[in-house]
Amino acid sequence: MTSIAIIGAGPQLGLAIARTFGSNGFDVALISRNREKLDGLVGTLAAEGITAGAFPADVLDRDALTQALKDAAARFGRIDVLEYSPVGTLGSTVLVTPAETEPSHVQYEMEFQLYGAITATQAVLPTMREAGTGTLLYTTGAGSIDPVPQVGNVNAAAAALRNWAINLHKELDGTGVQAAHVGIDVSIGSAVIPGVPVAQPEQISPVYWDLHTTHRAEAERVFSL
């Protein structure tokens with residue numbers, strides 16, 4: 001069996017990616033902080049004939065995240081695709097402009113975005129390299145490419161993740177393992193920022209399938225309308 005681990009799984013993009021891969025025969029490991037929400041997503045997918053499992057972990061807890069991925073690999077054989085897209089909550093994410101930014105504002109985002117991604121990658125990449133196949137996909141907003149002042153600290157960390165992911169793509173060239181960055185230049189599901197177009201998760205999720213299946217030489221895709 002083949003499997004995908006979705007880190008930051010939720011009812012929007014995470015569920016859409018789960019459906020896209022699950023409908024193509026993948027087992028799905030769902031990872032986020034809230035067990036109850038994960039169980040709900042597992043039930044939704046099961047009703048659609050997709051095998052999924054809940055593996056609660058906070059990306060800020062590196063040991064817990066590593067263990068969740070080990071548990072997922074033990075259940076499904078191994079992780080063939082890793083997708084990393086946790087989203088901060090309004091209660092935990094402080095948004096500041098570049099001029100207002102304190103080091104602590106960026107540090108939290110680095111822990112959340114870059115360091116969590118690195119931790120997850122270390123948990124699955126050795127097995128992928130040994131097998132000579134695998135896909136690593138990292139999601140940020142398009143502010144990682146074209147930053148906007150209102151979210152200066154988030155953009156800084158997202159840009160660091162983008163840089164690292166594209167550099168990983170270069171390092172893994174020729175190994176059979178694909179690493180790529182996905183930049184999302186829309187609001188997902190509903191309007192968040194005035195003037196930013198809105199796309200439904202189902203419009204975005206095929207990008208991940210395409211990168212895994214037919215565009216493995218690409219280091220980056222940007223979704224926009």
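## Asp80 and its partner

Let's start with Asp80, which is buried at 9% relative accessibility. In this predicted model, the side chain of Asp80 forms a salt bridge with Arg78, and their closest N and O atoms are 2.8 Å apart. Arg78 itself is partly exposed, with a relative accessible area of 30%. The pair therefore joins a residue under the 20% cut-off for buried, Asp80 at 9%, to a residue that lies between the 20% and 50% limits, Arg78 at 30%.

## Two more charged pairs

Side chains of opposite charge can pair when their charged atoms come close. How many salt bridges does a search of the whole structure find? There are six, and the pair of Arg78 and Asp80 is one of these salt bridges.

Arg162 and Glu220 form another, with 2.4 Å between the closest N and O atoms. Arg162 belongs to helix α5 and Glu220 to strand β9 (residues 220-223), so this salt bridge ties together parts that are 58 residues apart in sequence. Arg162 is partly exposed at 22% relative accessibility, and Glu220 is partly exposed with a relative accessible area of 24%.

You can also look for Glu48 and Arg19, whose side chains meet in a salt bridge of 2.7 Å, N to O. Glu48 sits in the loop between α2 (35-47) and β3 (52-54), while Arg19 is in helix α1 (residues 13-22), so the pair links parts that are 29 residues apart in sequence. Glu48 is partly exposed at 40% relative accessibility, and Arg19 is partly exposed with a relative accessible area of 28%.

## Where α1 meets α2

Arg19 also takes part in a contact between helices: Leu15, Ala18 and Arg19 in α1 meet Leu41, Thr44 and Leu45 in α2. By class, this contact has four nonpolar residues, one polar and one charged. The axes of α1 and α2 come within 11 Å and cross at roughly 30°, and the crossing is right-handed.

## The nonpolar cores

In soluble globular proteins, nonpolar side chains tend to be buried together. Here, the largest nonpolar core has 32 residues, and the members that touch the most others are Ile7, Ile31, Leu69, Leu82, Tyr84, Leu136 and Tyr138. Several helices and strands each supply at least two residues of this core, including β1 (2-7), β2 (26-31), α3 (62-76), β4 (81-84) and β5 (134-141). Which element gives the largest share? That is α4, with eight residues.

For a look at one member, follow Ile31: leaving aside residues up to four places away in sequence, Ile31 touches Ile6, Ile7, Gly8, Ala9, Leu38, Phe55, Ala57, Leu65, Ala68 and Leu69. Apart from the largest core lies another, of 30 residues, and Leu15, Leu41, Ala54 and Ile184 are among them. Two of these names are familiar from the helix contact, where Leu15 belongs to α1 and Leu41 to α2.

## A closer look at Leu161

Is Leu161 buried or exposed? Leu161, found in helix α5, is buried, with a relative accessible area of 1%. Not counting residues up to four places away in sequence, Leu161 touches Tyr84, Gln113, Leu114, Ala117, Tyr138, Thr139 and Thr140. Tyr84 and Tyr138 also appear among the members of the largest core that touch the most others.

As a guide to distances, the C-alpha atoms of Leu161 and Ala52 are separated by 27 Å, and these two residues are 109 residues apart along the chain.

Key
Residues numbered from 1 in each chain as written. Predicted model: local features only at pLDDT ≥ 70, side-chain atom pairs only at ≥ 80, totals over all residues. Heavy atoms only, no water. Core = buried A, V, L, I, M, F, W, Y, C linked by side-chain atoms within 4.5 Å. Buried < 20%, exposed > 50% of the residue type's maximum accessible area, 1.4 Å probe, protein only. Helix = DSSP H or I, 4+ residues; strand = E, 2+ residues; numbered from the N terminus. Contact = heavy atoms within 4.5 Å. Salt bridge = Lys/Arg side-chain N within 4 Å of Asp/Glu carboxyl O. Axes fitted to C-alpha atoms, helices over the stretch in contact; angles between N-to-C directions. Left-handed = near helix turned anticlockwise from the far one by under 90°. Nonpolar A, V, L, I, M, F, W, Y, C, P; charged D, E, K, R; others polar.
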